[in-house]
Amino acid sequence: MRLPTTTVLSLSLAVLALAGCSNNTSASPNPTSSTAATGTKEHNNLAAKPISSAALANRLLDESDLGEGYTRKPETTARHDDVTVIGCPALAKLSGQTAVGSSLEFPRSAKVSFTYAGSSGSEVSEELYSDTPAKLSTGVTRIFNAMTSCPAYQVSVGSTLIDMHTQTTSAPRLGDEQWSQLLTYSAGGQRSVVKQTAIRTGAILVVVSGSPALVDAHIAAAVRTAVAH
């Protein structure tokens, strides 16, 4: 079975959504290096207030920001009602619901995805979220810590069983807090890798996911565009 970037990116977001839809709002008692928090700009958070989904949509990257070879994908509503996490108690505890979407459960959000013609099957997705700085920090720390607490687990999608491996990786020193991980998906003899990097700056969370090289190339521009007024 072939695992194109489109498929693994959707699954990657589905696993994040499994954690994000939980009613459990407690932070991890012992944050790991997956949070990579710096706290260098926390004084700015006192004045940071959430912004609307419409305002976030105006702060997303577009083709002119990315350069030649990128095509915006049509927006779709993805459902992953049959996604089940196996062998990761931390994620199982967080899931809490049977129906999951394809994004984190923060009330204000906007997203966009692009394919890149320069590399077969390459794709990059940007998601913006807004909430109070404390809620963003607690929620994302909890989710990333849960995911990286299980270096290896499985995801059942319908009748397909996918082996997953997670690895914390360094994130660029942008914003107030940074998280980054590599997710490796294996099924039917095929293997794909997706990188996810999240940057919180004040009341805005930037999440860029997709082919590792594309995530690294565009995360800084995504943050700059998201916080520009």
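## Tyr116 and the strands around it

Visitor: What's the relative accessible area of Tyr116?
Guide: Heads-up: this is a predicted model, where local features need pLDDT of at least 70, side-chain atom pairs count only at pLDDT 80 or more, and totals for chains, interfaces and linings use all residues. Numbering starts from 1 along each chain as its sequence is written, and side-chain values use heavy atoms, with hydrogens and water left out. Buried means under 20% relative accessible area, exposed over 50%, and partly exposed in between (1.4 Å probe, protein chains only). Tyr116 counts as partly exposed because its value is 26%.

Visitor: A search of the whole structure turns up three aromatic pairs; what's the angle between the planes of Tyr70 and Tyr116?
Guide: Phe, Tyr and Trp rings (six-membered one for Trp) pair with centres within 6.5 Å; planes under 30 degrees apart are stacked, over 60 edge-to-face, the rest tilted. Tyr70 and Tyr116 sit 4.5 Å centre to centre and count as stacked, at 25°.

Visitor: How many residues apart are these two?
Guide: Strands are DSSP runs (E, at least two residues), numbered from the N terminus. Tyr70 is in strand β1 (residues 70-72) and Tyr116 in strand β3, so the pair links distant parts of the chain. Their separation is 46 residues.

Visitor: Which side chain does Glu123's side chain make a polar contact with?
Guide: Glu123 is in strand β4 (residues 122-130) and is buried, at 3% relative accessibility. A polar contact is an N or O pair within 3.5 Å; within protein, one atom must be able to donate a hydrogen and the other to accept it, and sequence-adjacent residues count only if both atoms are side-chain atoms. At 3.3 Å, the partner is Lys73.

Conventions. Helices (H or I, at least four residues) and strands (E, at least two) are DSSP runs, numbered from the N terminus.
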